[in-house]
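Hello,

Here is the structure I promised to pass on to you. Please open it next to this email, and then read on for what turned up in it.

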Amino acid sequence: MTLPDLKPQRVVAPFKSQLLKWIGNKQRMAHSIANLFPGDMQAYHEVFLGSGAVLGTLAPERGYGSDVLPPLMEIWRTLSADPELVKRWYAERREGWTPETKLELYERARASFNANPNGADLLYLCRTCYGGVVRFRKGDGYMSTPCGVHSPMPADNFAARVDQWAFRTRNVQFDLMDFRQAFERAESGDVVYCDPPYTDSQTILYGAQAFNLHDLIEQIDVAKSRGVRVALSIDGTKKSGLHTVLHDFPEHLFETEVAVTVGRSMLRRFQMGGETLESEVVHDRLLLTYAE
Ligand SMILES: C[S@@+](CC[C@H](N)C(=O)[O-])C[C@H]1O[C@@H](n2cnc3c(N)ncnc32)[C@H](O)[C@@H]1O
């Protein structure tokens, strides 16, 4: 069933200030996704956390955030236990930044991360690397992204973001956990949001963790039978691995498919008699195991 006009179940305001830069993050559309979660949601679980765009936007009354990347979860767990330390991590690595020193500072953080993967260096690297695309080499997990061209945000501004995010996630427990384990703790009435790695190339980007779509489908099915409501983001492109296995989803699994508006991109059209500019709405897709 396709319900593009599905009524929002709650009113979540947009929140565009990212704490971490993360490939495939959902920051721009996070409020549209959160608005489709059921109004009577008990706990919220985000099981492929990444930069936690939906979690930070929703700011749940009770939540769980998890991912399998250890240095990433070190950042989240420290945000929750000691936000001042997260501020210091960033400030120390950005200290002395100028266009002349930026490469040296970046390479220092990257070498330190590669010698000993840790949250403090990953935080600085994800904010300063090229295009915000943290890339790990498949064989040995080496972080290989070059330095970005932009100036990293001043430490004071970043500290203000840390405060915002620490407040918004004050009711969230963060755990280093595979999605299968994270699904198991969801109970009837809870909502699980899934934004899995879509393609083989993304798996490489996130550090080549084992990820199996069929396991995910199975988890969703079992969770649904216990009364857990699940929302799954899929990208609309035909190349996506998820798109390919869509045919394998048990028919009863999803009850609603929603096109989430991301934004408008201008389409230039050439027509007889002149050029016109039209806007095209870009969509992301969300599959829900429930109908409201
Ligand atoms: C598409 S990203 C999530 C992006 C996130 N929605 C955001 O806004 O930044 C997918 C995430 O899944 C994580 N991941 C990969 N395999 C996993 C697994 N088996 N269990 C849990 N998380 C996994 C990756 O580390 C990555 O952070």
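Helices and strands here are DSSP runs, at least four residues long for a helix and at least two for a strand, and they are numbered from the N terminus. Counted that way, the protein has 11 helices and seven strands. Please keep in mind that this is a predicted model.

First, the overall picture. The protein has 292 residues, and 37% of them count as buried. Among contacts with a separation of 6 or more, 70% join residues that are 24 or more positions apart.

Next, the ligand. Which residues come nearest to it? They are Asn25, Phe48, Gly50, Ser51 and Ala53, out of 20 residues around the ligand. Sorted by class, this shell holds 11 nonpolar, five polar and four charged residues.

Two helix pairs are worth a look. Start with helix 4 (residues 83-94) and helix 7 (residues 155-168), whose axes come within 9 Å and cross at roughly 155 degrees. Because of that angle, helix 4 is roughly antiparallel to helix 7. The crossing of helix 4 past helix 7 is right-handed. On the helix 4 side you will find Pro83, Val86, Lys87, Tyr90, Ala91 and Arg94, and they meet Ala155, Phe158, Ala159, Val162, Asp163 and Ala166 of helix 7. The contact of helix 4 with helix 7 has nine nonpolar and three charged residues, with no polar ones.

The other pair is helix 5 (residues 102-115) and helix 6 (residues 119-128). Their axes also come within 9 Å, and the crossing angle is roughly 135 degrees. Is helix 5 roughly antiparallel or oblique to helix 6? Since an angle has to be over 145 degrees to count as roughly antiparallel, helix 5 is oblique to helix 6. Helix 5 passes helix 6 in a left-handed crossing. Tyr106, Ala109, Arg110, Ser112 and Phe113 represent helix 5 in this contact, while Asp121, Leu122, Tyr124, Leu125 and Thr128 represent helix 6. By class, the contact of helix 5 with helix 6 has six nonpolar, two polar and two charged residues.

Now for some single residues, beginning in helix 6. Glycine 119 has its place there. Is glycine 119 buried or exposed? It is buried, because 21 other C-beta atoms lie within 10 Å. Leaving out neighbours within four places in sequence, glycine 119 is in contact with Pro71, Glu74, Ile75 and Thr78. Its C-alpha atom is 9.1 Å from that of valine 86, although the two are 33 residues apart along the chain. Valine 86 is also one of the helix 4 residues that meet helix 7.

Cysteine 126 lies in helix 6 too. Cysteine 126 is buried, with 23 other C-beta atoms within 10 Å. Not counting residues up to four places away in sequence, cysteine 126 touches Leu20, Lys21, Trp22, Gly132 and Val134. Cysteine 126 and threonine 145 are 19 residues apart in sequence, with 9.4 Å between their C-alpha atoms.

Finally, have a look at aspartate 175 in strand 3 (residues 172-176). Aspartate 175 is partly exposed, because 16 other C-beta atoms lie within 10 Å. Apart from neighbours within four places in sequence, aspartate 175 is in contact with Tyr64, Ser66 and Met73. How far apart in space are aspartate 175 and proline 70, C-alpha to C-alpha? The distance is 9.4 Å, across 105 residues of sequence.

Enjoy exploring it!

Best wishes

Terms used. Residues are numbered from 1 along each chain as its sequence is written. This is a predicted model: local features need pLDDT of at least 70, side-chain atom pairs count only at pLDDT 80 or more; totals for chains, interfaces and linings use all residues. Axes are lines fitted to C-alpha atoms, for helices over the stretch in contact, and angles run from 0 to 180 degrees between N-to-C directions. Angles under 35 degrees count as roughly parallel, over 145 as roughly antiparallel, 65 to 115 as roughly perpendicular and the rest as oblique. A crossing is left-handed if the near helix is turned anticlockwise from the far one by less than a right angle, and right-handed if clockwise. Two residues are in contact if their C-beta atoms, placed from the backbone, lie within 7 Å. Ala, Val, Leu, Ile, Met, Phe, Trp, Tyr, Cys and Pro count as nonpolar, Asp, Glu, Lys and Arg as charged, and the others, Gly among them, as polar. A residue is near a molecule or strand if its C-beta atom, placed from the backbone, lies within 6 Å of it. A residue is buried if 20 or more other C-beta atoms lie within 10 Å of its own, exposed if 12 or fewer, and partly exposed in between; C-beta atoms are placed from the backbone.
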